[in-house]
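Me: I'd like to go through this one with you. Can you pull it up?

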Amino acid sequence: MLTQAELRSGLSQFTQIDGWYQHWVNQFVFSDGIKWLCDQCECRWLLTEIAFFQMRIRSDHQQIEPFQVWHLKRLPNYRVRLQCRGVNNQIPLIEDELRSVKFPLDEVTLWLINGMLLLPNEYSGVGVPLEMMV
């Protein structure tokens, strides 16, 4: 397994999107950078969590935020905190603590924009208006 420094360096290489992959639950597609993250960190479970939370967000809020910021933070004792916020939301749409999870990075942030999950540094190639970010 790669070190945190090697993982961060690898993630920084993804500055555009060459291909998309369909998640098996059909809630979103994900980028090359997300695929690389999942392959290197062995965290395909993260995609499934985000996919199932889409259904919960739709149920709780009646609609999906078009721009979601997903933040995963590693906690002690093989736990992680997964949080989702809409772009203008102070209160998280979703916050959950997962147990018995190995994740090699201290934290990572992902963006889900109109059904496309990507790394923030991959954003420039997506063509979503920047005003959605504020």
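Me: What relative accessibility does Asp39 have, and how does it count?
Reply: Asp39 is at 38% relative accessibility and counts as partly exposed. Buried means under 20% relative accessible area, exposed over 50%, and partly exposed in between (1.4 Å probe, protein chains only). One caveat: this is a predicted model, where local features need pLDDT of at least 70 and side-chain atom pairs count only at pLDDT 80 or more, while totals for chains, interfaces and linings use all residues. Residues are numbered from 1 along each chain as its sequence is written, and side-chain values use heavy atoms, with hydrogens and water left out.

Me: Which side chain does Asp39 meet in a salt bridge?
Reply: Lys35, at 2.8 Å from N to O. A salt bridge here is a side-chain nitrogen of Lys or Arg within 4 Å of a carboxyl oxygen of Asp or Glu. Lys35 is also partly exposed, at 25% relative accessibility.

Me: How far apart are those two along helix 2?
Reply: Four residues, so about one helical turn separates Asp39 and Lys35. In general, an α-helix has 3.6 residues a turn, so residues three or four places apart point the same way. Helices (H or I, at least four residues) and strands (E, at least two) are DSSP runs, numbered from the N terminus.

Me: Which residues of helix 2 are buried?
Reply: Asp32, Gly33, Ile34, Leu37, Cys38 and Cys41. Their cover includes helix 1 (4–12), helix 3, and strands 1, 2, 6 and 7.

Me: And what comes after helix 2?
Reply: Glu42 follows, with a positive phi near 50°.

Me: Switching to the sheet. What is the strand order?
Reply: It is an open sheet of seven strands, ordered 1-2-7-6-3-4-5, with mixed pairing. The edges are strand 1 (20–22) and strand 5 (94–99), each pairing on one side only. Neighbouring strands are turned by 25° against each other on average, direction ignored. Two strands pair if DSSP finds at least two bridges between them.

Me: How many bridges join strand 3 and strand 4?
Reply: Eight, in the antiparallel sense. Leu72 has Leu82 as its bridge partner in strand 4. The two strands form a hairpin with three residues between them, and Asn77 in the turn has a positive phi of about 60°.

Me: How many bridges does strand 4 make to strand 5?
Reply: Six, again in an antiparallel arrangement, with strand 4 spanning residues 79–86. Leu82 has Asp96 as its partner in strand 5, and Cys84 stands opposite Ile94. Strand 4 is mostly covered, with six of its eight residues buried.

Me: Which strands does helix 2 lie across?
Reply: Helix 2 (residues 32–41) lies across strand 1, strand 2 (29–31), strand 6 (107–113) and strand 7 (116–118), at about 80° to strand 2. Helix 3 (residues 44–61) packs on the sheet too, touching strand 2, strand 3 (67–75), strand 4, strand 5, strand 6 and strand 7, and its direction makes about 130° with that of strand 3. Contact means heavy atoms within 4.5 Å. Axes are lines fitted to C-alpha atoms, for helices over the stretch in contact, and angles run from 0 to 180 degrees between N-to-C directions.

Me: Back to charges. How many salt bridges in the whole structure?
Reply: Six. One of them joins Arg74 and Asp106 at 2.4 Å, N to O. That pair links distant parts of the chain: Arg74 is in strand 3 and Asp106 in the loop between strand 5 and strand 6, 32 residues apart.

Me: Which side chain does Glu97 meet?
Reply: Arg79, at 2.6 Å from N to O. Glu97 lies in strand 5 and Arg79 in strand 4, so the pair ties together parts 18 residues apart in sequence. Among the other salt bridges, those that share partners join Lys35, Asp39 and Arg44 into one network.

Me: Last topic. Which residues form the nonpolar surface patch?
Reply: Trp24, Phe52 and Met55, with about 350 Å² of accessible area together. Phe52 sits in helix 3 and is partly exposed at 41%. Patches are made of residues with over 30% relative accessible area and no salt bridge; like charges are joined within 9 Å, nonpolar side chains (Val, Leu, Ile, Met, Phe, Trp, Tyr) within 5 Å. Areas come from the Shrake-Rupley method with a 1.4 Å probe, and for residues only the protein chains shown count as cover.
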